[in-house]
Amino acid sequence: MLTIDNLSVSYKGIRALRGVSIEVKKGEIFALIGPNGAGKSTLLNAASGIVPVAEGRIQLEGEVISGRPAHLIARAGLIQVPEGRRMIGPLTVMENLLLGRQAVGARGRNPKDLEQVHDLFPLLAERRDQLAGLLSGGQQQMLAIGRALMGRPRILLLDEPSLGLAPVIIREVFDALIRLNKEGLTILLVEQNARMALEAATRAAVIEQGRIVHQGPASELANDPVVADHYFGRAAKVA
Ligand code: ATP
């Protein structure tokens with residue numbers, strides 16, 4: 001579904017990613033875990049066309065998307081929920097959702113999408129006229145996911161959806177992602193909460209200093225003592 005092949009990205013000459021290759025298969029949740037500054041957001045932003053690719057190639061269902069502008073990549077069906085949700089605070093919940101539909105042009109013209117988003121997150125229907133800026137962090141995360149779904153993604157990319165949320169809200173967000181995946185949505189999930197991410201994922205990779213250092217079935221990585229040692233400390237306290 002999404003093939004990232006030998007990807008390198010630099011910021012003003014400083015390498016943030018070095019020869020990264022991963023493949024997200026149709027229908028799976030693929031988790032990318034790793035410490036602060038490892039390059040996780042850079043990988044998502046390169047796939048979304050927000051940061052330029054220095055070397056390598058990114059393909060969505062066999063079509064090369066690297067080098068295309070971000071809005072065309074979104075229209076091709078690769079949609080990202082950015083870190084920090086990025087709501088438009090002075091707009092209502094409904095207006096934010098509709099922006100997700102507009103952003104992808106003709107792809108987003110199915111009225112059923114709104115019903116499905118409201119079914120997944122009923123509070124977005126209850127609070128449709130409330131300003132997005134007044135929502136709690138967890139509610140904003142749900143709105144950010146809902147807005148992305150309005151663009152009818154073929155693959156959904158999420159950057160640290162658990163960031164700053166209480167454990168019970170993280171559980172709700174992950175349950176929604178697992179439900180979406182069971183309904184057929186392919187997901188690439190970047191997380192520092194390794195335990196939650198590996199529990200939800202089919203396969204996973206660990207990235208450190210811009211390189212993939214482990215890759216395999218999520219259950220295998222979850223049982224790897226080195227991965228557990230490095231990555232379950234903080235998450236273990238959260239879970
Ligand atoms: P975090 O969890 O903190 O978001 P991350 O794994 O997502 O970390 P990135 O944000 O991708 O990591 O950063 C990878 C490296 O690139 C870091 O060294 C970071 O300082 C650097 N970097 C990221 N964005 C920029 C930028 N716009 N300009 C310069 N350097 C950047």
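Here is a short conversation about the ligand and the residues around it in this predicted model.

User: What should I know before we start?

Analyst: Residues are numbered from 1 along each chain as its sequence is written, and side-chain values use heavy atoms, with hydrogens and water left out. In this predicted model, local features need pLDDT of at least 70 and side-chain atom pairs count only at pLDDT 80 or more, while totals for chains, interfaces and linings use all residues.

User: What makes the pair formed by Gly37 and the ligand a polar contact?

Analyst: A polar backbone atom of Gly37 is 2.7 Å from an oxygen atom of the ligand. A polar contact is a pair of N or O atoms within 3.5 Å (within protein, one must be able to donate a hydrogen and the other to accept it, and residues adjacent in sequence count only if both atoms are side-chain atoms), so this pair qualifies.

User: Which distances do Lys40 and Glu160 show to the ligand?

Analyst: For Lys40, a polar side-chain atom lies 2.8 Å from a ligand oxygen atom. For Glu160, an N or O atom in the side chain is 3.3 Å from an oxygen atom of the ligand.

User: Why is Lys40 said to have no salt bridge?

Analyst: The nearest side chain of opposite charge, Glu160, is 4.1 Å away. A salt bridge needs a side-chain nitrogen of Lys or Arg within 4 Å of a carboxyl oxygen of Asp or Glu, so Lys40 has none.

User: Which backbone oxygen lies 3.0 Å from a polar side-chain atom of Lys40?

Analyst: That is the backbone oxygen of Gly34.

Methods:
Buried < 20%, exposed > 50% of the residue type's maximum accessible area, 1.4 Å probe, protein only. Lys, Arg positive; Asp, Glu negative; His and termini not counted.
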